[in-house]
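Student: I am new to this structure and would be grateful for a close look at one part of it. Please take a single helix and explain how it is placed and held among its surroundings.

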Amino acid sequence: MVVINTIRNMIGIRRPRRIAPAGPQPQLGSNVVNGHLRMRLKYPITNEQWHWLSQKGWRTVDMRHDRRHYLTVDDQSVLDLISVDTPEERETIHSMILGRDEFRSSRIMTHRNAA
């Protein structure tokens with residue numbers, strides 16, 4: 001399998017995955033991913049919050065069949081994101097979660113995608 005992957009990489013067969021279409025609001029306890037990040041929704045979110053997250057590229061993923069590895073967003077960061085009052089605060093916290101800030105290393109822990 002490693003040889004096949006190496007050959008595919010060398011001849012340029014691989015293409016980046018397209019973002020999946022946004023689905024319905026995920027249930028409590030679902031995993032949502034955005035690129036290399038994974039959030040577990042342990043707290044209820046509103047339809048408006050899910051709409052905002054889906055516009056930012058977050059999608060629900062069935063982790064049982066997903067072999068990719070993700071950085072797991074810690075629970076406090078998720079709670080901070082869904083409990084803010086203003087859109088500006090939400091954008092700031094989201095940027096920190098995505099790692100556009102030096103704050104990233106202290107708030108996101110590296111884990112395998114084990115649910």
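Tutor: The following account concerns helix 2 and the parts around it.

The model is predicted, so local features are described only at pLDDT of at least 70 and side-chain atom pairs only at pLDDT 80 or more, while totals for chains, interfaces and linings use all residues. Residues are numbered from 1 along each chain as its sequence is written, and side-chain values use heavy atoms, with hydrogens and water left out.

First, the setting. The protein chain contains 5 helices and 5 strands; these are DSSP runs numbered from the N terminus, helices being H or I with at least four residues and strands E with at least two. Along the sequence their order is α-β-β-α-β-β-α-α-α-β. Of the 115 residues in the protein chain, 35% are buried, where buried means under 20% relative accessible area, exposed over 50%, and partly exposed in between (1.4 Å probe, protein chains only).

Helix 2 spans residues 47–55. Its buried residues are Gln49, Trp50, Trp52, Leu53 and Ser54. An α-helix has 3.6 residues a turn, so residues three or four places apart point the same way. The cover over the buried residues of helix 2 includes strand 1 (31–34), strand 2, strand 3, helix 3 and helix 4, as judged by contact, that is, heavy atoms within 4.5 Å. Across the protein chain, 67% of the contacts between residues at least 6 apart in sequence join residues at least 24 apart.

Helix 4 (residues 87–98) deserves particular attention, beginning with Arg90. The side chains of Arg90 and Glu48 meet in a salt bridge, with N and O at 3.0 Å. Because Arg90 lies in helix 4 and Glu48 in helix 2, this pair ties together parts that are 42 residues apart in sequence. A salt bridge here is a side-chain nitrogen of Lys or Arg within 4 Å of a carboxyl oxygen of Asp or Glu. Arg90 has 11% relative accessibility and therefore counts as buried, whereas Glu48, at 46%, is partly exposed. Arg90 also lies over the face of Trp52, at 5.1 Å from the ring centre; the criterion is that NZ of Lys or CZ of Arg is within 6 Å of the ring centre and within 35 degrees of the ring normal. Arg90 is thus placed against two residues of helix 2, Glu48 and Trp52.

The regions on either side of helix 2 also take part in salt bridges. In the loop between strand 2 (37–40) and helix 2, Lys42 is linked to Asp75 of helix 3 (residues 75–83), 33 residues away; the closest N and O atoms of Asp75 and Lys42 are 3.0 Å apart. Asp75 is partly exposed at 31% relative accessible area, and Lys42 is partly exposed at 44%.

After helix 2 comes Gly57, whose phi is positive, near 100 degrees. In the loop between helix 2 and strand 3 (59–60), Lys56 pairs with Glu91 of helix 4, 35 residues apart. Their closest N and O atoms are 3.0 Å apart. Glu91 is partly exposed, with a relative accessible area of 31%, and the value for Lys56, likewise partly exposed, is 31%. A search of the whole structure finds 3 salt bridges.
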